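Here are my notes on the fold, as numbered points. Please read them with the structure open.

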Amino acid sequence: MSGSGCSIVWFRRDLRVEDNPALAAGVRAGAVIAVFIWAPEEEGHYYPGRVSRWWLKQSLAHLDSSLKSLGTSLVTKRSTDSISSLLEIVKSTGATQLFFNHLYDPISLVRDHRAKEVLTAQGISVRSFNADLLYEPWEVNDEEGRPFTTFSAFWEKCLSMPYDPEAPLLPPKRIIPGDASRCSSDSLVFEDESEKGSNALLARAWSPGWSNADKALTTFVNGPLLEYSQNRRKADSATTSFLSPHLHFGEVSVRKVFHFVRIKQVLWANEGNKAGEESVNLFLKSIGLREYSRYMSFNHPYSHERPLLGHLRYFPWVVDEGYFKAWRQGRTGYPLVDAGMRELWATGWLHDRIRVVVSSFFVKVLQLPWRWGMKYFWDTLLDADLESDALGWQYISGTLPDGREFDRIDNPQFVGYKCDPHGEYVRRWLPELSRLPTEWIHHPWNAPESVLEAAGIELGSNYPLPIVEIDSAKVRLEQALSQMWQHEAASRAAVENGMEEGHGDSADSPIAFPQAMHMEMDHEPVRNNNPVIVTVRRYEDQMVPSMTSSLFRVDDEETSVNIRNSVVDTRAEVPNDVNVTEGPRRDTLDQAVTQPARTNTTPPQFNFVVGRRNSEDSTAESSSSTRERDGGVVPVWSPSSTNYSDQYVGDDNGIGTSSSYLQRHPQSHQLMNWQRLSQTG
């Protein structure tokens with residue numbers, strides 16, 4: 001291979017020239033070829049949604065413009081195999097080094113580890129960096145070197161680390177371009193004709209790109225941050241930072257956000273501004289939750305699919321596509337929920353508080369499988385983020401050790417008067433209720449007939465009656481939880497009696513997602529009692545993820561070295577022989593899927609398996625563990641080396657729970673052992 005000595009900087013979700021360690025390393029090394037590879041098929045069921053693709057298109061154009069101003073340009077490739085594309089670029093450019101920044105979702109961890117193995121085998125020097133977190137996941141452990149199991153303990157450790165996060169890097173002054181004359185760019189298509197009209201509306205509200213992210217950060221820190229504590233729950237005004245899509249695509253680094261906010265914290269502390277200090281602490285907690293989402297994904301790589309607390313795999317979820325459609329279309333009969341869902345569909349955005357409202361309603365009132373809701377968020381949110389969304393839905397579903405009590409139902413009527421006290425948010429998104437007095441805006445079913453008539457509202461006609469009564473939902477939830485504990489106890493008894501094929505084994509299958517879920521208002525929902533009908537998938541159909549072992553295998557015929565065989569014995573290894581194929585479902589689940597949707601009685605179930613990382617990890621070689629800018633190994637997770645299983649207690653200072661539910665069921669606070677994975681599916 002002819003060596004020009006140039007370096008490839010592989011951009012992914014780090015679309016910025018400022019505080020980009022991989023780019024900085026490439027610039028220091030000499031000539032740079034900046035590369036972006038669009039290979040969405042590699043993401044499996046997580047093919048980016050329409051609004052995410054719109055954002056990515058704009059952000060890449062912005063990045064290319066910035067790179068050109070510095071002396072080079074962005075090489076774009078369309079691919080179904082990122083690593084093959086990297087090899088082709090290496091061959092055509094004579095590059096000798098590859099630099100990239102870490103990602104922490106399971107698919108990326110496997111892909112990045114494989115990239116390191118394949119390219120290293122070809123004689124390419126591969127170095128990777130932390131550009132997405134304050135601290136790497138393996139840097140934040142308890143006194144015994146194990147990962148934390150509650151957010152509060154994790155965040156307390158982050159804030160008390162003996163060294164601050166690295167200061168953000170300035171952008172390079174100039175980039176020496178590598179010879180990319182034999183490496184032409186592919187034209188990337190991120191939207192089809194049918195999407196362009198809707199996408200044009202997004203540009204009125206959002207400005208993607210790293211320099212625009214910088215402006216958004218400055219605007220927030222110098223404005224709404226001061227009153228963030230007081231205003232953050234108001235859904236009817238712009239009180240949040242709106243930084244989440246910028247952070248997801250890496251247009252601004254979390255280190256820069258952290259440092260900017262900490263500067264304000266010091267300033268306000270010196271001034272004795274208690275309100276400002278409280279606002280800073282609360283906003284930093286939201287940054288901490290983003291950190292924690294990556295931490296959980298790294299340490300528990302199936303958290304986007306399965307509940308972290310093992311007993312919740314026995315929860316009898318309601319398989320009802322009619323409920324699901326009503327929720328998506330904003331026709332549940334609860335104004336705050338419906339307003340939120342219509343805003344999401346129209347804009348790709350939801351206020352944090354409204355996300356909690358609609359997801360809690362989804363899980364607690366409708367009792368629909370939380371993975372369905374998480375996948376719908378993935379398909380529709382501008383800031384769709386696998387790790388953050390998984391953490392949020394696990395929290396709402398009570399499947400985190402410090403998540404919400406599962407037996408707690410928030411009444412949308414009462415929540416509405418807290419976060420939309422004047423009804424302005426509801427009126428904006430539900431014009432059919434715009435003339436309803438504020439007194440009744442969050443519970444129109446209680447309004448006198450004369451009031452409804454004067455407002456032009458006919459319940460059940462131009463606005464639906466509540467799809468489920470809250471009181472009956474509470475009763476159903478109590479029944480479902482009782483059924484869950486019965487199944488959990490039966491499974492435990494079966495294991496204790498040596499029956500390997502107890503309830504637990506057959507409860508592990510995630511509930512299949514409906515074959516076709518359309519947003520059109522005038523289509524009938526697919527019926528559960530007619531499973532043989534095959535529908536044509538439309539572009540906006542919602543699909544549910546199911547991570548299988550095929551995602552963790554390296555093809556034997558690849559030119560690369562097999563991951564399992566090539567890694568030295570002392571090094572943590574990405575499992576590539578784990579079998580997570582779904583097993584048979586219990587009879588109740590089979591009936592729920594193939595027969596008419598359950599009304600109030602029989603529901604279905606699924607599960608999660610987790611483990612802890614081996615403290616003797618390869619991260620000793622990593623840039624982060626040595627606090628240097630030079631890249632280390634690609635981060636990988638490892639299965640537990642023991643049959644260790646954690647006990648968890650409720651934590652009132654955690655993400656937002658009270659501990660009574662966990663105290664009533666102390667046997668439930670166990671994360672499943674990773675080593676049971678091959679047995680439980």
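**Notes on the sheet and a helix pair**

1. Start with the unit made by E1, H1 and E2: this β-α-β unit is right-handed. Keep in mind that the model is predicted.

2. E1 covers residues 7-11. E1 and E2 run parallel and are joined by 5 bridges. One pair to look up is Ile8, which stands opposite Ile33 of E2.

3. Is E1 covered or open? Strand E1 is mostly covered, with 5 of its 5 residues buried. Ser7, Val9 and Phe11 lie on one side of E1, with Ile8 and Trp10 on the other. Both faces are covered, and each of these residues is buried.

4. E1 also pairs with E4. The two strands run parallel, and 4 bridges join them. In this pairing, Val9 is found opposite Phe99 of E4.

5. Strand E4 spans residues 97-101 and is mostly covered, with 5 of its 5 residues buried. Gln97, Phe99 and Asn101 point one way. Leu98 and Phe100 point the other way. The polar names may catch your eye, but Gln97 and Asn101 are buried too.

6. E4 is joined to E5 (residues 125-129) by 5 bridges, and these strands run parallel. Phe99 appears again here: its bridge partner in E5 is Arg127. To get from E4 to E5, the chain passes through helix H4, residues 106-121. That β-α-β crossover is right-handed.

7. Now the whole sheet. In what order do the strands lie? The order is E3-E2-E1-E4-E5, which makes an open sheet of 5 strands with parallel pairing. Strands E3 (74-78) and E5 stand at the edges. Each has a single partner strand, so one side of each is left without a neighbour in the sheet. From one strand to the next, the twist averages 25°.

8. Two helices that pack on the sheet deserve a look. H1 (residues 21-29) touches E1, E2 (32-38), E4 and E5. The direction of H1 makes about 155° with that of E4. H2 (residues 50-70) touches E1, E2 and E3. The direction of H2 makes about 170° with that of E2.

9. Finally, move along the chain to another helix pair. H14 (residues 352-365) packs with H17 (residues 412-419) at an angle of about 180°. Their axes are 11 Å apart. Angles over 145 degrees count as roughly antiparallel, and H14 and H17 are therefore roughly antiparallel to each other.

10. Which residues make the contact between these helices? H14 supplies Arg353, Ile354, Val357 and Phe361. H17 supplies Pro412, Val415 and Cys419. By class, the contact has 6 nonpolar residues, no polar ones and 1 charged.

Technical notes:
Residues are numbered from 1 along each chain as its sequence is written. This is a predicted model: local features need pLDDT of at least 70, side-chain atom pairs count only at pLDDT 80 or more; totals for chains, interfaces and linings use all residues. Side-chain values use heavy atoms; hydrogens and water are left out. Buried means under 20% relative accessible area, exposed over 50%, partly exposed in between (1.4 Å probe, protein chains only). Two strands pair if DSSP finds at least two bridges between them. A crossover is right-handed if, with the strands pointing away from the viewer, the path from the first strand over the helix to the second runs clockwise. Axes are lines fitted to C-alpha atoms, for helices over the stretch in contact, and angles run from 0 to 180 degrees between N-to-C directions. Contact means heavy atoms within 4.5 Å. Angles under 35 degrees count as roughly parallel, over 145 as roughly antiparallel, 65 to 115 as roughly perpendicular and the rest as oblique. Ala, Val, Leu, Ile, Met, Phe, Trp, Tyr, Cys and Pro count as nonpolar, Asp, Glu, Lys and Arg as charged, and the others, Gly among them, as polar.
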